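User: I would like a close look at one helix in this model and at what lies around it. Please work outward from there to the rest of the fold.

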Amino acid sequence: MDKLPFDPTITDVLKAYKFLKERVRHTPAEYSRQLSEMAGAPVYLKLENLQICGSFKVRGALYKMNTLTPSERALGVVTCSSGNHGQGVAMAAKELGVKTKIFVPKDCPETKKAAIKWLGGEFVELIVTEGDYDFAEKESHEYSAKQGMTYVSSFEDPTVIAGQGTAAFEMFTDVPDIELLLVPAGGGGLLNGTAIAAKALNPNVEIWGVQSEASNPWVVSWQDGIVKEVAYTESIADGLYGGIPQSTLTLAKTRVKGILEVTEKDLARAIAFMFREQRYVIEGAGIAGIAAALAGRAPINGRKTGIVVSGGNIDDAKLSKILAEYK
């Protein structure tokens, strides 16, 4: 294999953990009786919906922002986010006093936009673009280059990946003998960070990413290992939406077994199920692993299963609509 564009190690994850352990929550790795009964195997949930800002994204964002050099901070920061990464960057921007521009797509949930503004205060300008996530990301890169500002990616960055890996480090110190692990694929930051930590602590664990049919570049690109273009349709999983870079795909191929695809109905049913059965509010991207398990799309086969629940930031109106439709 050719040299990877970046290749974080468990040492990098441990460095991130040392920094973050007093700054973020060590979220529960909780046994789910309901899911275990339905899956026919023990199921444990890493509940990052209970994390500060309601998502794992705060891990990578806080760590990355705090590792920027004084000169990088002085230039100001630009980032793109579907909403959760932006909250972590906004929190750090205010703490560090760094002027920051956060680009989001037009369909960014209102709850996430409001949180970004509140967390960042006077140090953050929220820029709502006219297109989808890929459009917003392109706009943010162009703005950063034109203004000479520091760009902070939400997933294509080894420091961010190391930060995201701290969630799996916690999970495997709490439940070391997980045999199968399901992780939302997204842009690949969480998937790769999780795989790095999980495989270092338990080399035998089998790791699968999960993606929605509405935005499935991981699914169509996985076999050949080359990123392919796909057609996108409307999704309730804004955190899984958009294209992926070759770098995170190439890195994932070194540790991840494969990618599972779920439907939008699978996601919605899982959101309703978890709200009613366990009283957890989970967003579309965060529910992906649970959706795969409930729909019988995950190769559990009696194995002790871990599922990363990546976030809980869903608009009230969207949640209410799902609960009304899936009773």
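What covers the buried residues of α5?

Analyst: The model is predicted, and the values below are computed from it. The cover over the buried residues of α5 includes helices α3 (57-67) and α6 (110-120) together with strands β3 (77-80), β4, β5 (124-128) and β6 (150-152).

The helix itself comes next. α5 spans residues 84-96, which makes 13 residues. From its first C-alpha to its last it reaches 19 Å, close to the 18 Å expected at 1.5 Å a residue. Ten of those 13 residues are buried, so α5 is largely enclosed by the rest of the structure. The buried residues are Asn84, His85, Gly86, Gln87, Gly88, Val89, Ala90, Met91, Ala92 and Ala93. After α5 comes Gly97, which has a positive phi near 70°.

One of the covering strands, β4, also takes part in an aromatic contact. The model has six aromatic pairs in total. One of them joins Phe103 and Tyr143 at 5.6 Å between centres, with the planes at 55°, a tilted arrangement. Phe103 belongs to β4 (residues 100-104) and Tyr143 to helix α7 (residues 133-147), so this pair links parts of the chain 40 residues apart. The two rings differ in cover: Phe103 is buried at 4% relative accessible area, whereas Tyr143 is partly exposed at 25%. The cut-off for buried is under 20%, so Phe103 falls below it and Tyr143 does not.

Another helix to look at is α8 (residues 158-174), which contains Thr166. Thr166 is buried, at 1% relative accessibility. Beyond its neighbours within four places in sequence, Thr166 contacts Val13, Ala16, Tyr17, Leu20 and Arg59.

The rest of the fold includes an open sheet of six strands, in the order β1-β2-β10-β7-β8-β9 with mixed pairing. Its edge strands are β1 (29-31) and β9 (258-262); each has a single partner strand, so one side of each is without a neighbour in the sheet. From one strand to the next the twist averages 30°.

Strand β2 (43-47) shows how the pairing is mixed. With β1, β2 pairs in the antiparallel sense over three bridges, and Ala29 stands opposite Lys46 of β2. With β10, β2 runs parallel and is joined by five bridges; here the bridge partner of Lys46 is Val308. Further along the sheet, β10 (residues 305-309) also runs parallel to β7 (residues 180-184), with three bridges between them. Leu180 has Thr305 of β10 as its bridge partner.

All five of the five residues in β2 are buried. In a regular strand the side chains alternate between the two faces of the sheet. In β2, Val43, Leu45 and Leu47 point one way, and Tyr44 and Lys46 point the other.

Helix α12 (residues 264-278) lies across β1, β2, β8 (206-212) and β9, at about 80° to β9. Phe275 has Arg279 lying over the face of its ring, 5.3 Å from the ring centre. A second contact of this kind puts the charged end of Lys253 over the ring of Trp222, at 4.5 Å from the centre.

To return to the request: α5 has ten buried residues out of 13, and what covers them includes α3, α6 and strands β3, β4, β5 and β6.

Key: Residues numbered from 1 in each chain as written. Heavy atoms only, no water. Phe/Tyr/Trp six-rings, centres within 6.5 Å; stacked < 30°, edge-to-face > 60°. Helix = DSSP H or I, 4+ residues; strand = E, 2+ residues; numbered from the N terminus. Buried < 20%, exposed > 50% of the residue type's maximum accessible area, 1.4 Å probe, protein only. Lys NZ or Arg CZ within 6 Å of the ring centre and 35° of its normal. Pairing = 2+ DSSP bridges. Axes fitted to C-alpha atoms, helices over the stretch in contact; angles between N-to-C directions. Contact = heavy atoms within 4.5 Å. Expected span 1.5 Å × (residues − 1).
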